[in-house]
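New to this one? Have a look around first, and then we can walk through the ligand site, the surface and the overall fold.

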Amino acid sequence: MDVIVVGAGPAGVLAALRAAELGARTFLVTRGQFGGMAANDGPVPVRTLAHAARLLRDARQLGRYGIAISEPVLEYPRLLARVREVVDDVRRHSTLREHVDRLGVTLHEQAGTARFVDPHTIETGNGLRLRADRIILCAGGLSRRLPVPGGEFAATHSDAWSLTAVPRSMLVLGGGATGVQVASIFNAFGCRVQLFHAGPRILPTEDEDVSAAVAAAFRESDIVVRENFGAVESFEKTAGGVRMIFSSDGVRDSAEVALAVVAIGWVADTADMNLAAVGVECGDRGFVRVDPYLRTSAPHVFAAGDITGRLMLVPQAIHDGFVAGTNAVRGATTRRGDDVSPIGSFTDPEYAQVGLTEAQARKTHDVVVAVVRFDETTRTIIDGRSFGFCKLIADRATAKILGCHVVGERAVEIVQTVAIAMAAGLRVEQLAEIPLSFPTYAGMIGRAAYRAATQLNRELDWRAHGGEP
Ligand SMILES: Cc1cc2nc3c(=O)[nH]c(=O)nc-3n(C[C@H](O)[C@H](O)[C@H](O)COP(=O)(O)OP(=O)(O)OC[C@H]3O[C@@H](n4cnc5c(N)ncnc54)[C@H](O)[C@@H]3O)c2cc1C
């Protein structure tokens, strides 16, 4: 059997590896470089810049620990060189490239945009024609542009990474995961940042306490957070940058900055693929419709990753790729899972979640909520990182964990521990009894679980709850 996979991001790479492993002659075709947005334009460059922001933060703490240095100075072009170095390194060493070669997948990089010419044949921008029994679409997504006059004067997150200098001022439109990361990173680099969000709270998919804590911390660090700001009417080019004109309740206002970054969500990268001609149905924003086996409405075409518009994260893209690769070769045998999905962002402060928010949990369960503040655990006090909290939500009837929400240093790592506990189906008292190392950030999970178990009158072994007394 022949399989073509379109797009070499995490979904496409896994789909191709799996199809090849199951014995299919497999072709992996991608417009640009191997690794997709994940390696080249998303988490890897963002995390590198966020790491630089963290180093600046850490350097500013040195005086408190008796280490004298002068004020750190950021040389942005050198940081960008480091970002390029990291992206290259990741692409070469951690994107499974060697596996692809070893399993005999035929890779066509820099092939241009692939489109269907008939139900089993695709043609790429550089003239390559390939025919196969099964085709797996893993073309990912693109930043949504704002369809207003002058929308072309606003940048996207990708433009923000390729700046040659830190702009004096920036407005970020959209307070979701991408917008807050751009805002936080450039604020740390000394840019005056305004964050505009149309709804009542930034991070609308996070627990309400998380949104409030991140917004408060942003304001404390001089980011101007404008929630419920109204609606954008247009952008205009100015001598020093760009002006955004917006209105609220009929009242017009404007903000002028060196750079405006629009981060208002994603559309699928499907517009040029000629999908309608082969009977592949798309829904809202062009995302490909799939069933739980990742089959599209054309029986021989599968789709995986961001192109389906689900959680739009690397682990889910990897999982999808495996499922689509399996089903393309073996037939519909494996279902896409609804696994535990931890989510977080590398802002200052970090935030992360897994499971239900408190409001969601209260709608469907009788719950207990245990909160541990960062200023009451040993490691956070040692490290001088005592801002934040960890909220654990459990079901009163079963004592199983329903959700966890953390704001503060290493929030993303802390939540991974809870994700594992949830996937294993642990009850809060079982989690509390695991002797997590002391003094650690993850240790606060033990204390939160202990508090939840106490509220549930669960019998506990006193010896261990995160090592925290
Ligand atoms: C700023 C930012 C930060 C992020 N941070 C995180 C994070 O911290 N953690 C996390 O898990 N996720 C993060 N993500 C999301 C993550 O990058 C995506 O979920 C992931 O890359 C999706 O993988 P994919 O394989 O579906 O698509 P992609 O990685 O987008 O790969 C798709 C590939 O297909 C190619 N392509 C598109 N159309 C065609 C065509 N017609 N023909 C040929 N090739 C085509 C594209 O050029 C691309 O290379 C972030 C994203 C952004 C933008």
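## Who surrounds the ligand

A quick key: Ala, Val, Leu, Ile, Met, Phe, Trp, Tyr, Cys and Pro count as nonpolar, Asp, Glu, Lys and Arg as charged, and the others, Gly among them, as polar. Sorted that way, the shell around the ligand has 19 nonpolar, 10 polar and three charged residues.

This is a predicted model, where local features need pLDDT of at least 70 and side-chain atom pairs pLDDT 80 or more, while totals for chains, interfaces and linings use all residues. Numbering runs from 1 along each chain as its sequence is written, and side-chain values use heavy atoms, leaving out hydrogens and water.

## Polar contacts

Which backbone atoms sit by oxygen atoms of the ligand? Counting N or O pairs within 3.5 Å as polar contacts, a backbone N or O atom of Asp306 is 2.8 Å from a ligand oxygen. For Ala11, a backbone N or O atom is 2.9 Å from one, and a polar backbone atom of Met37 also lies 2.9 Å from a ligand oxygen. The protein covers 91% of the 1,000 Å² of accessible area (Shrake-Rupley method, 1.4 Å probe) that the ligand has on its own.

## The whole chain

The chain has 14 helices and 22 strands (DSSP runs: H or I of at least four residues for helices, E of at least two for strands). Its C-alpha trace spans about 65 × 60 × 50 Å along the principal axes.

Among the helices, α1 (10-21), α2 (36-40), α3 (43-61) and α9 (314-330) each give the ligand shell at least two residues.

Key:
Polar contact = N/O pair within 3.5 Å; in protein donor to acceptor, adjacent residues only side chain to side chain.
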